Structures are given as structure tokens and as C-alpha cells.
Amino acid sequence: MFHFALKNILFYKGRSFTTFILTFISTMLFIVYVSMMDGSHDSMLKNSLKVYGSAIEIYHKNYRELGGNEYLIKDVKTIENKLANIEGVQLFSSRYETYGLLSFKEYSTASMIVGIDPQKEAELSELKNALTSGEYLKNDGQNCIYIGKGVASKLKVKVSDEISFIGGASDNSFAADIFRVCGVFKTGLFEFDASAAFVSKEYFDTLMLSQNKASYITVKVDDLNEVDRINGEIIQALNDENLESLTWRTLMKTMVEAMEVDSIFGYVSLALFLTVIFFVIMIYGFINVSSRIKEFGILRCIGLSKMRIFSLLFYEIFILSSLAIVMATPIAGYICHYYSMNPIIIEGIAEMYKDYGIVSDELPFSFNLFTISWNVLVVLVLNILSIVYPFMYVYSFGPIEASKHV
Amino acid sequence: MYRLLIKMAWKNSFSRLSRTLLLITMIAVSMSMMIGIQGLYDGMANNMLDKNKRSASGDISIFAKEYRVQKDIKYRIKNAELIKKDLEGMAGVKAVVLRVKADGLGATARKSSFASLYGIDLDAEEKFGRFGEFLKEGAISFDNRGALIGLELAKTLKLHVGSKLIFSTQDINGDINSLSLRVNAIVQTTNIPLDSDAIFVDRKKVQRFLGVKDGEVTQIAIMGEEESLENSLKDKYPEYDVKSFLELQPMMQMMQDMMFIFNSITFFIVMSVVFVGILGVMYVSILDRIREFGIMLGIGMHYKYIRLQIFLEAIFVSLSGYISGAVLGAILLVYLRDYGIDLSAFSDALEMWGYESVIHGTIKLSYFTTTFTAIITASILSIVIPLRKIQKINPIDVIKAEK
């Protein structure tokens, strides 16, 4: 049957060529489109994680939902000692976050002020690399403040200027101090740069009375794919029902959801292309089969079963589809791989879509063999499905009727 | 003669019923899917555009020079009431609103976040942009120290209707002042900055709080009817910063452009594949009847009549596909417009991006006219190659040839 199918493919050149070309196009389109979609989503998530996000964060229960000083973590050292013994945890650090008003001369702005361990934070986030002027924070317990470019422009301050801070301390009392601007950063996250400021936690703790306290503890892991296992071990090690350890999937739920919605719309558009192509392949298959009714009738008359006729049609479409897929996949794969290494750059896209959390003009593709495999499989299955109706048409003829068909 | 040709073309179009039905189904399904997707995407973009206009900038906004760069209340329009009166008397101006804005810190007993205080006039805003339609929860009213809060800000500060809230900022004299408010309603404008930051309060109250005079505002937003209005206002108020909606929201323009490019590419690809489908069917249909055409030429029928018959066949089939697709597409679009797609499961994400959780489509006549043109063009082009084949045949050879 295989050889017979091969001969038919070579004989019915028009149908073979059209099916080949359409399968080739749909395979290329599917692989490249999905790669571009996944790549841009991965990039948005990674950028957000890299800048100031975390693989895992540990909170006191209710801190995220209700907030307030009573839900601060109160024994940071004990938790940090436990984290140090968990395999896969690369680094961790505690952060004390609060909101307050920063003022310089007649200018004021609301800001999120965070007490951090400067040394650890340099490895945990992109804060140090985002420096644009001045210098990054040091672990010297000084009243230095490291502010976002947006904050600096709102307050009209430059490095070395002194700004005042008013906020609430961890015991709900008023806290006020003067900070010296040591450095200005720009991460590209528009809202973050316009609102965040950082202070050495060692110094901030004395002002906020937050020694051994934290809003949360951020954890960096060796391998992001192992995040669920590591999180499970952290929960086990903490063994405290008042604490919760959450992975980036929960912490960035909204963004993950947004990617899912975007993917849904992407797949809807793809479904349109694939449906039209499926119909055309089916039409060509049908035309081909209807011109061979007599041939099928004779084959049935000389003893070929219906199953063998189906096998013949199956082999024909399988050979044609496989050939197109085998040729299209490496080309599409190469395109995906190339653009995953050398992302397309669309100048100005980050500025334009800053409200959506886009921080880079780069549009990288994703190169994932598993994704490519299922894309290819979908095209193959659709092509195989396209012979169902033509076969049913042939099937509707009896052998004698078919052999007399004109 | 022509009546006979039409009759023959009609019968031949449906002589191979399965094949023709398959082609009609392909055209109908692809066309309805395509216009459904276009309607949905346009609906999303238009909805965002419309609500952004109604909730913020209108068609044109006027600011004091430097305000948009400095975002400081120091740069405000001082004779706003007079300008408003003047604008309301101008031809092409539908509605005018005055707004005062100040950035600061919103705080509850447990949470704090950046917030922007917007002083607005509810009646004027209703007339300007049907503000009441943005209501998500509660009642649109400023009674009892009432404030209206953007949906995302409410989520951040964990605010509900009835919650108390303090807004602190610097007034005109540089002093830090606080305003105690009670949430009367939560609103969703689908304008990202407003939903994530805005606290709407009565304009006069905000003016008193900030220490600015009654007629002083940071923005005058205008809803207009004429495109020339922008230039007229730029000429009339050179001392102010007059900006059109798209100048203020370039992302909207880019979004529209990208939507247009995406829809055009989709349209081109789909129509190209549809063309390949029609071509295949027409080509085979003509080849099947090549003897028939040979005989017709042999008995003296002019080639132009055969060409007309084939042309009519292609038109009949494609028109049938188009009509089926148009009906299916119209049903789909009406459904999308009236009921929309409920994506409540992803509401957080959609709201963060400025969309509603139920996405509604839009209907434009152009979906049907452009598709009509494309399908008819594709069907006409699809008969060019088969016709050339007929033109070249020798009737005697074709008649003698075995089928």
C-alpha cells in the first residue's frame, strides 16, 4: 500500500503540490507564531522576576491580604537559619517595605521605601545594575537612600541632596528622618522607577524599630524549574501555620493570567489559519478522491477491503504531510532558535507599553523542542483528519457502483 | 442567450454538489471566523479608546504649559471658568469639564499606596462621558465625605464601599495636608492610570484642600464634534498646552495601527488560502468538462460566452459562500456585541490591562464589504488559468480525446 500511495502522490502532482505547500506553510506559521508568543510572554515574566521579583517569598499569613504591622514576620533570624539548610536555595534576604512621603524643598511624593540588605540584593535583583548615577547602597549603616529615576524627577533631586521622610514605624508610631541621596536607578519598570526607594535595612531597622522583623523574605533558587519542590521543603522546614511560602506563579498570578489571555487570543487567530488550510487540504483531497472513484471501485472488486482503501488514503496524506513537516520544521526551528538568541528589536515598544509592564524593546522567540513537537503533531493530526470526509465519500459507493462511476 | 447561460452556469455550479458544498462551507467558515475575530479585536480596542476618552482626556485637553512635564499643581490654568464658558459657546464643542489633580499617598489603617486625587464635577462628567457607566460597586455620589475609587487602587488598598481612607499630599503652599474620605463607590474606567491610582472627589472640595482658587484647575477636557477644533483651540490658546486625545495617548494610536496591520495580514493570508481553494475547485470543474467546452466551441459557440458561463459559475459559488459566511458572521458578531465573551476567570489580568472581564465585539459594514470584494476578486482570479486552458484547446482534439 505504501508504494501504491507513493505512486499516486507522484501521479496526482497538482493535489500533492498543493497539499505539500499548504502543510509546509501551516507548519512554519504554527511553530514560528507560537514561538514568538511564548517568547514574548517568557521575556515579560523573566524581566519582572529579574528586576525585583522573587522565585519564592515567605510572608506572615494575612500580610498580603490585609497588611499592617501585626502581620510582619517577627523572627527573621530563625527562618533564615532554616532556609540556609534547604538544598536548592541559592540566596535569601529579608525586606522591610513601607509607604511614606518623601520631600525635598517644596516638592513631595509618595514612595515605597524598602529596607534591604544591599549586598544580598545586588545578587537577588537587578537593583545594583540599574544604577544610573551616584552609587549603590553599602552595608555601612549610613542614611543613604537609593531612589528610582521617577522619584528623583518628581522631587527634583540629584545625588548628594538630602530628602526628608515621614512614615509609620513598625510599632505604629510616627517615623521621620533625613536621607542623603546616594544613587538613582532606572530598571525600566515604569511604575517601580516612579515610586520605589531603597535604604540599607541595618539603618532602616533603627528608624522603623524593625530589628529581626520583615515584610517578607525573598528566596532565590538554583533552578527555577525546581521551585515547587524547594517551596515544599521550605514549608516543611518552617512548619509554622502563621507563615506562608509562595512561588512566583502565585505572586505573579495576575501577570501569568494576562499571558494566558493573550495566548488564548493568539490561538484563536491561529485556529482561523489552520481551519482554512484544513478545508483547502480537504477540498483537494476530496477532488482527488472523487476523480478516482472508478479506481477505488476496481480495487474493491479485486478484493481490497475498505480498511485497505483507508490505508491507501492515509499513506498518501501521511507521506505528503510528513515530507512537508520534515522540511518545514528545521527551517522554523532555526528561525525560532535564531531569534531566541538574537531577539527582534522594535524601537520604542517598551516606552509605548510601559503601563503593561514591558521593560525592553526586545522581542525574543522561544525555542522549546516540546512545543515544536506538539505544534507539528497538531498539523499532522489535522491533515490526517482531512481525509475522513473524502474516505466517507468513497465509502458511500458500493464496489460495483464505484467501478462504473463516470 | 444570456438567460440560457445563467441557467447553465447555475446548474453546473451545483452539479457536483459535495464539492461545491465543501467550497461554500470553507468560504463561510473562514469568512465568519475572520470577521468574528476582527469584530472582537476592534471591539476591545474601540471600547478602550472610547472609555479612555470619556474618562480622561476627551477629544482635546488643555493644560497649563509645563504641567504635563512637571506634574505640579503650581502649573495650573487660572481662569478656567472663563475659558469653559468661552469653549461652550464655540461651534463643534459638545461638552467641557474642569478637573484638578494632585498626586499623593492613599492610606488605610493597614495599607498605603500611591494615589492621585481628582477633583471632578459629577453632573458635568456625566454629560461629558457618561461617568455613571463606570460604576462597578456602590453609588456615584460625593455625599458624606464620599470618594469614588479606581478598581485597581481599591484592590491594592483592600477597600470596599464604606471603607475609610486618608489621602495625603502637598498643597499649593508646600504644606503636607491630609483628607479623610469614605469610599462611596468603586469605578472601572478601563483607563489604566485612573483605575490604578484615582480617587475622585468633588472638585470644589479638592480645590479647598489644595488651596487653589475656585476657577483654577489643572485640566480642561473637551468633547468635540469637529476635527478642525484642535487647530482652532491651538490658535486660540497659544499660552496653554492644547493636546489631542492621540497626542496624549500615543499608545492608543499604536494599538489601533497594530490592530489594523494584524487584521490586514490575517485577511490577506486567509483570502490567499481561500483563493487556492476556489482555484482548485474551479480548475477541476473545468477540466472535468473540457470535452463539453470543446463541443460548445465546435458547434460554433463564441469563446466569450463560455468565458461568461465560467465566470458566472465562479460568481454563483463564491456568492453562495459569501452569503452563508455573511449570515454566520453577522450572527457571531451580533452575539459578540450583545453578550460578549465572558473571561471572568481572568478578570484580574484583564482589569490590570484596562479591559473589562466580558469582552464585547463591534460590527462594521466594512467587514462585509471588504470580504465581499476579496472573495469576488479571488473567484474571478481563480478562473484565469482554467480559461487560458480552454482558449488554447483545439475543439476537434478535445472531442476525440477519451474521457
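## Strands, a helix pair and the A–B contact

In the hairpin of E2(A) and E3(A), A:Lys105 takes a positive phi near 50°, and 2 residues lie between the strands. This is a predicted model, where local features need pLDDT of at least 70, side-chain atom pairs count only at pLDDT 80 or more, and totals for chains, interfaces and linings use all residues. Residues are numbered from 1 along each chain as its sequence is written, while chains are lettered from A and ligands numbered from 1 in the order in which they are written. Helices (H or I, at least four residues) and strands (E, at least two) are DSSP runs, numbered from the N terminus.

Back to that hairpin. E2(A) and E3(A) pair in the antiparallel sense over 9 bridges; strands pair if DSSP finds at least two bridges between them. A:Tyr99 sits opposite A:Met112 in E3(A). E3(A) also runs parallel to strand E8 (residues 196–200) of chain A, with 5 bridges joining them, and there A:Gly115 has A:Val199 of E8(A) as its bridge partner. E3(A) is mostly covered, with 8 of its 10 residues buried (20 or more other C-beta atoms within 10 Å of a residue's own, with C-beta atoms placed from the backbone).

Over in chain B, E7(B) (residues 176–187) has several pairings:

| Partner of E7(B) | Sense | Bridges | Opposite residues |
|---|---|---|---|
| E4(B), residues 135–138 | antiparallel | 3 bridges | B:Leu135 and B:Val187 |
| E5(B), residues 146–150 | parallel | 5 bridges | B:Gly146 and B:Arg182 |
| E6(B), residues 164–170 | antiparallel | 7 bridges | B:Thr169 and B:Asn177 |

The hairpin of E6(B) and E7(B) has 5 residues between the strands, and B:Gly174 takes a positive phi near 90° there.

Now for the helices. The axes of H11(B) (residues 250–288) and H16(B) (residues 384–392) come within 8 Å and cross at roughly 20°. That makes H11(B) roughly parallel to H16(B) (angles under 35 degrees count as such). Axes here are lines fitted to C-alpha atoms over the stretch in contact, with angles running from 0 to 180 degrees between N-to-C directions. H11(B) brings B:Met282, B:Tyr283 and B:Ile286 to the contact, and H16(B) brings B:Ile385, B:Pro386 and B:Ile390; contact is C-beta atoms, placed from the backbone, within 7 Å. By class, that is 6 nonpolar, no polar and no charged residues. Ala, Val, Leu, Ile, Met, Phe, Trp, Tyr, Cys and Pro count as nonpolar, Asp, Glu, Lys and Arg as charged, and the others, Gly among them, as polar.

Finally, the contact between the chains takes 37 residues from chain A and 45 residues from chain B. On the chain A side, H10(A) gives the most, with 21 residues.

Conventions:
Angles under 35 degrees count as roughly parallel, over 145 as roughly antiparallel, 65 to 115 as roughly perpendicular and the rest as oblique. Two residues are in contact if their C-beta atoms, placed from the backbone, lie within 7 Å. A residue is buried if 20 or more other C-beta atoms lie within 10 Å of its own, exposed if 12 or fewer, and partly exposed in between; C-beta atoms are placed from the backbone.
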